[in-house]
Amino acid sequence: MRVDLLTREYPPEVYGGAGVHVAELVKALRRDIDVQVRAFGLPRGEEGTHAYLVPPQLATANPTLATLGVDLQIAQDAEGADLVHSHTWYANAAGRLASMLHGIPHVVTAHSLEPLRPWKAEQLGGGYRVSSWIEREAFENADAVIAVSDGMRRDILRSYPRLDESRVEVIYNGIDLDAWKPVHDADLVRSLGIDPDRPTVVFVGRITRQKGLPYLLRAARRLPTDVQLVLCAGAPDTAEIMAEVSDAVRELQSERGGVVWLDRLLSRNELSAVLTAATVFVCPSVYEPLGIVNLEAMACGAAVVGTATGGIPEVVADGETGRLVPIEQADDGTGTPLDPELFVSDLARILTEVVSNPEQAKAFGEAGRRRAEEQFSWARIADETRDLYARVLGGGSRVPQAPSVG
């Protein structure tokens, strides 16, 4: 079997959870499947990996048109594959076109949904209508759609009511448990400007609306004065949100000490050391299909406080591996809290409770590592993906079964 896996992100050009997912899935699948990776960007030296640049004529075009320029090249080169598997809207057009052009099945993995990210219009302008069209066309015509959580599956069916629910299956994101593990290195943490001896709240994420960073910065004003806040945050969606976050961080730093902002991409070893030193990891997202970063924190033994939205409650066991922050959200696709002040207050209260009880936080972290080992290994996820491929190619019925995570 030859599977062509189509993706915008692939190492070393990875900036989000989708790129991490693709890299780990490819590694696990290649043990017994011929996987040809077709990715955006500069050439890679990895065998079986093909890279594609934006055509020069589209270099200054709207990003969605530039994306389509890459997708056309990928669709042409997928000839000879038994199946194409695309990730994110960036590669979905390539998968859809390849399926029609070569008469082969198309599997889509949903890492996010354009209807639930209306703020992307800030970044893409009119291109947001194009990306939304691409996603809808791919989802509604795919042979199978993989949701990375049961919450994501519900969102998919709500966003695309024409989609046959029997074609939507849940296969969770995973975590490389050999790569992500506790790293106890106080000197390394100090070299990053972090005091390893202070109670610490750590945030890791892109600067985008969905990650909820502005709410966290408001909540941080209410944390005990001895608590250190570490923000590993970069890759802003727009200049506007970067300016908004920069102003908020500067204001917070003027009010209290111990606010550390690391705006560069940390190495895995550096990030593992930061997560290991954390008293608690926080995920204040207002939209999160699953959240690989929560798994990374759990694998490093950190307690997790996350918003009770999307797939986060399927990862964070409330009262066992961390705590969930309640939220009531607008149903207009933005994920905006109906009562932002209440959400900020609850976030501050729960963070304070966890960070003020280091023994309980440590127990949460140990339980989180065990949960990651038992439920989210890439070997298990690759097995489920191979089974889906076989059923799609064999024309068998596809009855969605969400894995039990207890």
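Strands are taken as DSSP runs of E of at least two residues and helices as runs of H or I of at least four residues, both numbered from the N terminus, and two strands are said to pair if DSSP finds at least two bridges between them. On this basis, Val202 has Phe281 in β11 as its bridge partner, within a parallel pairing of β8 and β11 over two bridges. The model is a predicted one, in which local features need pLDDT of at least 70 and side-chain atom pairs count only at pLDDT 80 or more, while totals for chains, interfaces and linings use all residues. Residues are numbered from 1 along each chain as its sequence is written, and side-chain values use heavy atoms, with hydrogens and water left out.

The protein chain contains 15 helices and 13 strands. Its radius of gyration, taken over C-alpha atoms, is 21 Å, close to the 22 Å that the globule rule (2.2 Å times the number of residues to the power 0.38) gives for 406 residues, so the chain is as compact as a globular protein of that length. Along the principal axes, the C-alpha atoms fill a box of roughly 60 × 45 × 40 Å. Of the 406 residues, 59% are buried, where buried means under 20% relative accessible area, exposed over 50% and partly exposed in between, with a 1.4 Å probe and protein chains only.

Strand β8 (200-206) is mostly covered, seven of its seven residues being buried. In a regular strand the side chains alternate between the two faces of the sheet. In β8, Thr200, Val202, Val204 and Arg206 point one way and Val201, Phe203 and Gly205 the other way, and all of these are buried. Besides its pairing with β11, β8 pairs with β9 in the parallel sense over seven bridges, and Val204 has Cys232 in β9 as its bridge partner. The chain passes from β8 through α8 to β9 in a right-handed β-α-β crossover, a crossover being right-handed if, with the strands pointing away from the viewer, the path from the first strand over the helix to the second runs clockwise.

Strand β9 (residues 228-234) also pairs with β10 (residues 259-262), in the parallel sense and over four bridges. Cys232, the partner of Val204 in β8, stands opposite Leu262 in β10. Together with helix α9 (residues 239-255), β9 and β10 make a right-handed β-α-β unit.

Two helical residues illustrate contacts between parts of the chain that are separated in sequence. Arg218, found in helix α8 (residues 213-220), is partly exposed, with a relative accessible area of 33%; Arg218 and Val344 are 126 residues apart in sequence and 6.7 Å apart in space, C-alpha to C-alpha. His21, in helix α1 (residues 17-29), is buried, with a relative accessible area of 3%; the C-alpha atoms of His21 and Ile292 are 8.0 Å apart in space, with their positions 271 residues apart in sequence.

Internal and open spaces were located on a 1 Å grid over the protein atoms alone, where a cavity is a set of points at which a 1.4 Å probe fits but cannot get out, a pocket is an open set with protein on both sides within 12 Å along at least five of seven lines, and lining residues have an atom within 4 Å of a point. Grid points are joined across faces, edges and corners, and a volume is the space filled by probe spheres set on the points. A search of the whole structure finds two cavities of 30 Å³ or more. The largest cavity holds about 40 Å³ and is lined by Trp119, Glu122, Gln123, Thr208, Arg209, Asp237, Thr238 and Ile241. The second largest cavity holds about 30 Å³, and its lining residues include Phe203, Lys211, Phe281 and Glu288; β11 gives the largest share of this lining, three residues.

The second largest pocket has a volume of about 540 Å³ and is lined by 24 residues, of which His184, Thr276, Ala277, Ala278 and Thr279 lie nearest its centre. The elements that give two or more residues to this lining are α7 (186-191), α10 (268-277) and α14 (358-375), with the largest share, six residues, coming from α14.
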